[in-house]
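Here's a quick briefing to read alongside the structure. It starts with the overall layout and then zooms in on a single residue.

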Amino acid sequence: PNIGLVKRALADPATAAFVKGIGVQWAGKGALHDIGRDFPAMAIWGTEQECGDGANDWRYARYAWDLIKRYMLAGASAYH
């Protein structure tokens, strides 16, 4: 997600009261560090794996594992 959108949404008390977590699609992986830093009590979920290049080889397996680790190190509690 766009960290600015997350910050604006959660700055509104009426909205924030209903938000219990932040889902981060693969395209938002660049915002993971900021989300974890700025909202440490918020649940973070990885909601989508990258589609890949169709090779289905060990190189892509390592890349996918690195993505999962990136989410977990940023504070994600789930990766789907």
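**Overall layout**

The protein has four helices and three strands. Keep in mind that you're looking at a predicted model. Going along the sequence, the order of elements is α-α-β-α-β-α-β.

**Size and packing**

- Measuring along the principal axes, the C-alpha atoms fill a box of roughly 45 × 20 × 15 Å.
- The protein runs to 80 residues, and 30% of them are buried.
- Take the contacts between residues at least 6 apart in sequence: 48% of these join residues at least 24 apart.

**Surface and charge**

- The accessible surface adds up to about 5,300 Å².
- Carbon and sulfur atoms account for 62% of that accessible surface.
- On the charge side, there are 9 positive and 8 negative charges in the protein.
- The mean positions of those two sets of charges sit 4 Å apart.

**A look at Arg70**

- You'll find Arg70 in helix α4, which covers residues 58-73.
- Is Arg70 buried, partly exposed or exposed? Its relative accessibility is 40%, so Arg70 counts as partly exposed, since that class lies between the 20% and 50% cut-offs.
- Leaving out residues up to four places away in sequence, Arg70 touches Lys29, Gly30 and Leu32.
- Arg70 and Lys29 are 41 residues apart along the chain, yet 8.3 Å separates their C-alpha atoms.

Terms used
Residues numbered from 1 in each chain as written. Predicted model: local features only at pLDDT ≥ 70, side-chain atom pairs only at ≥ 80, totals over all residues. Heavy atoms only, no water. Helix = DSSP H or I, 4+ residues; strand = E, 2+ residues; numbered from the N terminus. Buried < 20%, exposed > 50% of the residue type's maximum accessible area, 1.4 Å probe, protein only. Contact = heavy atoms within 4.5 Å. Areas by Shrake-Rupley, 256 points an atom, 1.4 Å probe, with all protein chains shown as cover. Lys, Arg positive; Asp, Glu negative; His and termini not counted. Charge placed at Lys NZ, Arg CZ, Asp CG, Glu CD.
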